[in-house]
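Work through the exercises below with the sequence and the structure at hand. Try each task before reading its solution.

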Amino acid sequence: MSKYSTGTGDMIFRQLCTPKGGHLSYLLGDPVTRETVIIDPMPTHVDTLEAFMIERGLDLRYILQTHHEPVHIAAATVLKEHSGARIVAHESVTDEHIDLRMRHGDVLYFGEESLRVLHTPGLSPCAVTYWWEDRLFTGMTLLATGAAPCTSQSDPQTLYHSITQSLLSFPGETLIYPGLESKGRRLTSIEELRRKDNWFNNQRGKGAFLRSCALLLPEKSSVEVTRKSDVNKIGAQEEDVHHYMPGRNIPASL
C-alpha cells in the first residue's frame, strides 16, 4: 500500500454517531471476502452494528481502538464475545482485554483491504490514527474543526507535533474521519484544516496552541464525563443512533 494510495471498488463503509455526546464509530468491510473492522465502537452502537453485519453477511475480524477508553472497551468486549474478533490498540496499552498490540507503521489486513497504524500521541500517549486509502480515522487527536480539547493525560507539544508533522503532511484531498462530532461536523479534509486552522498554518501558531491548551486543561473534561456515563448503555434502540454513509467519492470539503 503506497502512502497516498487511492482505492477502487465498493468498500462497505458506515459511520455512526450517538445523539448524546456526538461520539463517532466506523465500520469498514471488504466487499469480496466480507471481512470487517470496527473503529471505536460505543455501547449504544452495538446492536445496530451487529444487525448490520448479519444483514450484510459480514465477518468481524478486528475491533480497533484509536485511544484507550473504558466506554470503547465495554462495547468492544461485547462485540468480541459475539464474533470472536480481536481487540486492537497501541502497544503501550496494558488493559487485559487487548488481544493485539500495534506500533507505528504496522498494517492490519482484513480480506483484500488493509489499514496502516500511525502512532499520533499527544492527547493521550496511546493515541493512534488508522489510515485507509484516502481516509484517516483520527479518533480524538484531530476533529473536523481542529484539535480536540486537552485532557489531564495530554502533552500539548507532542500533540502539536503529531498533527503538524504526521497528519497534516498528507495530501489536501485526504479525508479526516474523527472520533467526535464538533460543531455539527463529522468530516473534513486536510486542505480545509490547513486553510482554516491558524494554529497549524503559521509560525506563531505553535505558541498560541500551547498557551490555549494550558488555559483550557480541565481536571476532568466534559468529554471524559460523557464517555464514563455511556459505559453501561449496551443495546440502545435504533432510533438512538444517527447514520452517516458517504460514498467513496464524497467531496473533500463539506
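**Exercise 1: two helices in contact**

In this predicted model, Val46, Leu49, Glu50 and Met53 of H1 are in contact with Ala75, Val78, Leu79 and His82 of H2. Sorted by class, the residues of this contact are 6 nonpolar, 1 polar and 1 charged.

Task: Describe how H1 and H2 pack.

Solution.
Step 1. Two packed helices are described by the angle between their axes and the distance between the axes.
Step 2. For H1 (residues 46–56) and H2 (residues 70–83), the angle is about 30 degrees and the axes lie 10 Å apart.
Step 3. Angles under 35 degrees count as roughly parallel, and H1 and H2 are therefore roughly parallel to each other.
Step 4. The crossing of H1 with H2 is right-handed.

**Exercise 2: the partners of a strand**

Task: State which strands pair with S2, and in which sense.

Solution.
Step 1. S1 (residues 12–17) pairs with S2 in the antiparallel sense over 6 bridges. Here Cys17 has Leu24 of S2 as its bridge partner.
Step 2. S3 (residues 35–39) also pairs with S2 in the antiparallel sense, over 4 bridges. Leu28 has Val37 of S3 as its bridge partner.
Step 3. The S1–S2 hairpin has 6 residues between the strands, and Gly21 takes a positive phi near 100 degrees. The S2–S3 hairpin has 5 residues between its strands, and Arg34 in the turn has a positive phi of about 70 degrees.

**Exercise 3: the surroundings of S2**

Task: Decide whether S2 is enclosed or open.

Solution.
Step 1. In a regular strand the side chains alternate between the two faces of the sheet.
Step 2. Leu24, Tyr26 and Leu28 point one way from S2, while Ser25, Leu27 and Gly29 point the other way, and all are buried.
Step 3. Because 6 of the 6 residues of S2 (residues 24–29) are buried, S2 is largely enclosed by the rest of the structure.

Key. Residues numbered from 1 in each chain as written. Predicted model: local features only at pLDDT ≥ 70, side-chain atom pairs only at ≥ 80, totals over all residues. Heavy atoms only, no water. Buried < 20%, exposed > 50% of the residue type's maximum accessible area, 1.4 Å probe, protein only. Pairing = 2+ DSSP bridges. Axes fitted to C-alpha atoms, helices over the stretch in contact; angles between N-to-C directions. Parallel < 35°, antiparallel > 145°, perpendicular 65-115°, else oblique. Left-handed = near helix turned anticlockwise from the far one by under 90°. Contact = heavy atoms within 4.5 Å. Nonpolar A, V, L, I, M, F, W, Y, C, P; charged D, E, K, R; others polar.
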